Amino acid sequence: MAKKTPKRLEALKAKVDIEKNYSTAEGMALVRELKSAKFDETVELCVQLNVDPRHADQMVRGAVVLPKGTGKTVRVAVFAKNQKAEEAKAAGADVVGDEDLAEEIKNGRLDFDTVIATPDTMGIIGKIGKILGPKGLMPNPKTGTVTMDVTKAVNNAKSGQVNFRVDKKGNIHAGIGKVSFSTEDLLENAYELVKTLNRLKPAGAKGRYMKGAYLSLTQSPSVKLEPSELIDIR
């Protein structure tokens, strides 16, 4: 027997015209009207890219600092030694260490959202890659999380950096704020992400780069956007 759709979700779906491609501004205003949970839901933007991630030159991956933040409190762990460790602590990192931190992670410690590492600690990181990788915590130069400028990296992480990576089907999913944000602030965050994706367009990507885009909340139906509008955001 087919599972019945909850009445709450049915009521939300009735507010969305599934045949329409909304402008980004219209879509953002609408998705904020779909709030139904008792908590502050995350607003997510999904962009469908015309890329083939099986080819290394079409793997879209990077990071963007959202100008209005994410609305989340982010705990940052930093692998660094000596002076760089002191800089990380001064910048507000929640956890700082090297071999000792790796041992704690091996023993189950994962009470952080982002991992930053200086290049000289990547040998240590390699030993726990099988733990960090599946959790999406592996530092990477493309996201600015392998760097000697730990102060900047910690500040970015704390102030609203979002890391993204295209999935096997060519989709990018990213939280761009909370439903309690104003429409204007959410739009500013969305546009910053889209600008970054446009800058990262692979040379090997042929045809229309952005095939589709959707906005949704943690517990809401999707609102379809007009992708051609996003292509022009620079």
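**Exercise 1. The surroundings of Lys178**

Task: In this predicted model, determine which residues Lys178 touches, leaving aside those up to four places away in sequence, and establish whether Lys178 is buried or exposed.

Solution:
1. Beyond the residues up to four places away in sequence, Lys178 touches Asp40, Glu41, Thr42, Val43, Thr70, Gly71, Lys72 and Leu186.
2. Lys178 belongs to strand β7, which covers residues 171-178.
3. The side chain is buried, yet Lys178 has no salt bridge.
4. The nearest side chain of opposite charge is that of Asp40, at 5.9 Å; a salt bridge would require a side-chain nitrogen of Lys or Arg within 4 Å of a carboxyl oxygen.

**Exercise 2. The sheet that contains β7**

Task: State the strand order of the open sheet of 4 strands, and explain why one side of β7 and of β9 is left without a neighbour.

Solution:
1. The order is β7-β1-β8-β9, and the pairing is antiparallel.
2. Strands β7 and β9 (223-225) stand at the edges with a single partner strand each, so each has one side without a neighbour in the sheet.
3. From one strand to the next, the twist averages 25°.
4. At the β9 edge, strand β8 (residues 210-217) is joined to β9 by 3 bridges, and Ala213 stands opposite Leu225.
5. Helix α2 (residues 24-33) packs on this sheet, where it touches β1 (42-49), β7, β8 and β9. Its direction makes about 25° with that of β8.
6. Helix α8 (residues 183-199) lies across β1, β7 and β8 and runs at about 155° to β7.

**Exercise 3. Strand β5 and its partner**

Task: Determine which way the side chains of β5 point and in which sense, parallel or antiparallel, β3 and β5 pair.

Solution:
1. In a regular strand the side chains alternate between the two faces of the sheet.
2. In β5 (residues 114-117), Thr114 and Ile116 point one way, whereas Val115 and Ala117 point the other way.
3. All of these residues are buried.
4. Strand β3 (residues 76-79) pairs with β5 in the parallel sense over 4 bridges. The partner of Val76 in β5 is Thr114.

**Exercise 4. The chain as a whole**

Task: Explain why the protein chain may be called as compact as a globular protein of its length.

Solution:
1. The chain comprises 9 helices and 9 strands.
2. Its radius of gyration is 19 Å, close to the 17 Å that the globule rule gives for 234 residues, so the chain is as compact as a globular protein of that length.
3. The C-alpha trace spans about 55 × 45 × 40 Å along its principal axes.
4. Of the 234 residues, 45% count as buried.
5. Among contacts with a separation of 6 or more, 73% involve residues 24 or more positions apart.

Terms used. Residues are numbered from 1 along each chain as its sequence is written. This is a predicted model: local features need pLDDT of at least 70, side-chain atom pairs count only at pLDDT 80 or more; totals for chains, interfaces and linings use all residues. Side-chain values use heavy atoms; hydrogens and water are left out. Buried means under 20% relative accessible area, exposed over 50%, partly exposed in between (1.4 Å probe, protein chains only). Helices (H or I, at least four residues) and strands (E, at least two) are DSSP runs, numbered from the N terminus. Two strands pair if DSSP finds at least two bridges between them. Lys and Arg count as positive and Asp and Glu as negative; His and the chain ends are not counted. Contact means heavy atoms within 4.5 Å. Axes are lines fitted to C-alpha atoms, for helices over the stretch in contact, and angles run from 0 to 180 degrees between N-to-C directions. The radius of gyration is taken over C-alpha atoms; the globule rule is 2.2 Å times the number of residues to the power 0.38.
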